[in-house]
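The exercises below ask you to read a protein model with care, going from the whole chain to single residues. Try each task before you turn to its solution.

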Amino acid sequence: MTAPTGRRERKKAATRQKIADAALRLFLERGYEAVGIRDVAAEADVAVTTLFAHFPAKEALVFGHDQDFERRLTEAVTDRAPGEPLIPALRREVQALVRHCTGDGAAPIWRLIDASQTLLDYEKSMRLRHAESLAAAIAADLGLPPATTACRTIARFVIDAYSLAREAADPEAALDEIFRMIEAAWAVARPAVDPTGTTEP
């Protein structure tokens, strides 16, 4: 996550983290469905209105890095070095995200998510939103409309690559295999969306 600057931003970030930590602690102790918003607010020693100022829904308490995840993926497109190919840049970012989400301490959180249909549904909608944001970034990079099918397809593949690799016994090997297929798909799609080949070497 980007480090906040300024006293006000640091205070907001600290409050948000305190709420997220309290929520996760309660969810892991009691189960997601057994914990209410008021329980989390009391545990974090904040008002319910303060909680909602940082998290728009109960589900968002589990996916605290949602916006950061989305930002990192789009910036992998928009902030890559001049001439750097698109797919390797995306693979590098997805690899970093997978490593983070499969690190020590992540397993109990994913078990919590897998045990709740509410959280699984929220994660699915979140993935779709991330894919649309990524597709828009790819399309803008190519000077195309956001709804361009090829851009949306590649974006969906990339988001699914994260999920599939996270669930794999060997995430690194899974990413290698998946991104070989994404590279092949992009090699087919790119001439149609970027016929001059000016956006990549």
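**Exercise 1.** How much helix and how much strand does the chain hold over residues 13-73, and how far apart are the end C-alpha atoms?

Solution. Keep in mind from the start that this is a predicted model. Over residues 13-73 the chain is 67% helix and 0% strand, and the C-alpha atoms at the two ends are 21 Å apart. The UniProt record, an unreviewed entry, lists residues 13-73 as "domain: HTH tetR-type". The record also places a "DNA-binding region" at residues 36-55, again in an unreviewed entry; this span is 75% helix and 0% strand, with its end C-alpha atoms 14 Å apart.

**Exercise 2.** Describe the protein chain as a whole, beginning with its elements and ending with its surface.

Solution. Counting the elements comes first: the protein chain has 9 helices and 0 strands, and read from the N terminus the order is α-α-α-α-α-α-α-α-α. For the dimensions, the C-alpha atoms fill a box of roughly 60 × 40 × 25 Å along the principal axes. Of the 201 residues in the protein chain, 42% are buried. Turning to contacts between residues at least 6 apart in sequence, we find that 65% join residues at least 24 apart. Finally, the accessible surface comes to about 10900 Å², and carbon and sulfur atoms account for 55% of that area.

**Exercise 3.** Which residues of helix α2 are buried, and which are exposed on the other side?

Solution. Helix α2 covers residues 37-44, and its buried residues are Ile-37, Val-40, Ala-41 and Ala-44. These residues lie on the same side of α2, because they cover an arc of only 100° around the axis. The spacing fits a general rule: an α-helix has 3.6 residues a turn, so residues three or four places apart point the same way. On the other side of α2, Arg-38 and Ala-42 are exposed. The next step is to ask what the buried residues of α2 meet, and the answer is that they pack against α1 (7-30) and α3 (48-54). Just after α2 comes Asp-45, which takes a positive phi of about 60°.

**Exercise 4.** Is Asp-66 buried or exposed, and what does its side chain join through a polar contact?

Solution. Begin with the location of Asp-66, which is in helix α4 (residues 66-78). Since buried means under 20% relative accessible area, Asp-66 counts as buried because its relative accessibility is 9%. The side chain of Asp-66 is joined to that of His-130 by a polar contact of 2.5 Å. If residues up to four places away in sequence are left out, Asp-66 touches Tyr-122, Met-126, Arg-129 and His-130.

**Exercise 5.** How should Ala-96 be classed by its relative accessibility, and how far is its C-alpha atom from that of Tyr-162?

Solution. Ala-96 is found in helix α5 (residues 86-101). With 30% relative accessibility, Ala-96 counts as partly exposed. Although Ala-96 and Tyr-162 are 66 residues apart along the chain, their C-alpha atoms are separated by 9.9 Å.

**Exercise 6.** How many disulfides does the structure hold?

Solution. A disulfide is a covalent bond between the sulfur atoms of two cysteines. The structure holds 0 disulfides. As for burial, Cys-101 counts as buried at 15% relative accessibility, and Cys-151 is buried with a relative accessible area of 0%.

How values were computed:
Residues numbered from 1 in each chain as written. Predicted model: local features only at pLDDT ≥ 70, side-chain atom pairs only at ≥ 80, totals over all residues. Heavy atoms only, no water. Disulfide = S-S within 2.5 Å. Buried < 20%, exposed > 50% of the residue type's maximum accessible area, 1.4 Å probe, protein only. Helix = DSSP H or I, 4+ residues; strand = E, 2+ residues; numbered from the N terminus. Polar contact = N/O pair within 3.5 Å; in protein donor to acceptor, adjacent residues only side chain to side chain. Contact = heavy atoms within 4.5 Å. Arc of directions from axis to C-beta. UniProt positions renumbered as here; feature names shortened; annotations may be inferred. Areas by Shrake-Rupley, 256 points an atom, 1.4 Å probe, with all protein chains shown as cover.
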